[in-house]
Amino acid sequence: MKRDSKLSGVLHILLHMAELDEPVTSDDLSKIMDTNPVVVRRLMAGLRKQDYVRSEKGHGGGWTLACELDEVTLLDIYQAVGSPSLLAIGNRTEAPGCLVEQSVNATLGKTFDEAEQLLLQRLGEVTLASLSTDCHERLQARGISLKAKRNSHGV
């Protein structure tokens, strides 16, 4: 089963955008995510609705950040991209009358709900600024500039 990587991809894009002084096109952003520009525009639309990014049309246009990194959490971005499913596992539902299945599903359902709440809480504690700081530290530890890293994506 393929995992949903929208949140990871959008965070990747936002961190690159934070380093740019000029707008970046959907085409360039699609290279970062290794996807189609239309997919990027759909994802960015949710971010634009929340005023995290803005877009300008025409020559010299593109996407720019419209928020402060220290004011936006991973939970904010998660919600802006449509709150994709957090867990890839679920309950068996082939025999809803089976008492064993009911017991298993009740216990797993409660456990899944608790895990999701804990994950959402943690996403709410991490800002884009802290993610950016971690990225800079990792690059610096390897002697890589973010500009060099950006160029590896074609942006």
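Okay, let's start with the open space: the largest pocket here holds about 780 Å³. Before I go on, keep in mind that this is a predicted model.

So what lines that pocket? There are 30 lining residues, and Ser5, Leu7, Ser8, Leu11 and His12 are the ones nearest its centre. If you're looking for the elements that put in two or more residues, they are H1, H4, helix H5 (99-125), helix H6 (128-141) and helix H7 (146-151). H6 gives the largest share of the lining, with seven residues. As for chemistry, the lining splits into 16 nonpolar residues, seven polar and seven charged.

Now the second largest pocket, at about 190 Å³. What is its lining like by class? You get one nonpolar residue, six polar and five charged. Among the residues around this pocket are Asp27, Arg41, Arg48, Glu56 and Lys57, along with Gly58, Gly61, Gly62 and Trp63. Two or more lining residues come from each of H2, H3, strand S1 (53-56) and S2.

Let's turn from the pockets to the core. In soluble globular proteins, nonpolar side chains tend to be buried together. Here the largest nonpolar core has 30 residues, and the members touching the most others are Leu14, Met17, Leu29, Met44, Leu47 and Ile77. Helix H1 (6-18), helix H2 (26-33), helix H3 (37-49), strand S2 (62-65) and helix H4 (74-80) each bring at least two residues to it. H1 gives the largest share of the core, which is six residues.

Let me zoom in on Leu29. Leaving out anything up to four places away in sequence, Leu29 touches Ile13, Met17, Val24, Val40, Met44 and Trp63. You've met Trp63 already, since Trp63 is also one of the residues lining the second largest pocket.

Next, have a look at Val10, over in helix H1. Is Val10 buried or exposed? It's buried, because its relative accessible area is 0%. And what does Val10 touch, again skipping residues up to four places away in sequence? The list is Met33, Leu43, Leu47, Ile77 and Val81. Leu47 and Ile77 should ring a bell, as both are among the core members that touch the most others. There's also a spacing to try on screen: Val10 and Ile32 sit 22 residues apart in sequence, and their C-alphas are 9.7 Å apart in space.

Over in helix H6 we find Ser132. Ser132 counts as buried because its relative accessibility is 10%, and the cut-off is under 20%. Beyond the residues up to four places away in sequence, Ser132 touches Leu15, Glu19 and Leu69.

Last topic, the cysteines. A disulfide is a covalent bond between the sulfur atoms of two cysteines. How many disulfides does the structure hold? Zero. Take Cys135: why is it without a bond to another cysteine? The closest cysteine sulfur belongs to Cys67, and because that is 16 Å from the sulfur of Cys135, it's too far for a bond. Cys135 is partly exposed, by the way, at 25% relative accessibility. Cys98 is partly exposed too, with a relative accessible area of 31%.

That's my tour, so feel free to turn the model around and ask away.

Note on methods. Residues are numbered from 1 along each chain as its sequence is written. This is a predicted model: local features need pLDDT of at least 70, side-chain atom pairs count only at pLDDT 80 or more; totals for chains, interfaces and linings use all residues. Side-chain values use heavy atoms; hydrogens and water are left out. A nonpolar core is a set of buried Ala, Val, Leu, Ile, Met, Phe, Trp, Tyr and Cys residues joined through side-chain atoms within 4.5 Å. Buried means under 20% relative accessible area, exposed over 50%, partly exposed in between (1.4 Å probe, protein chains only). Helices (H or I, at least four residues) and strands (E, at least two) are DSSP runs, numbered from the N terminus. Contact means heavy atoms within 4.5 Å. On a 1 Å grid over the protein atoms alone, a cavity is a set of points where a 1.4 Å probe fits but cannot get out, and a pocket is an open set with protein on both sides within 12 Å along at least five of seven lines; lining residues have an atom within 4 Å of a point. Grid points are joined across faces, edges and corners, and a volume is the space filled by probe spheres set on the points. Ala, Val, Leu, Ile, Met, Phe, Trp, Tyr, Cys and Pro count as nonpolar, Asp, Glu, Lys and Arg as charged, and the others, Gly among them, as polar. A disulfide is a pair of cysteine sulfur atoms within 2.5 Å.
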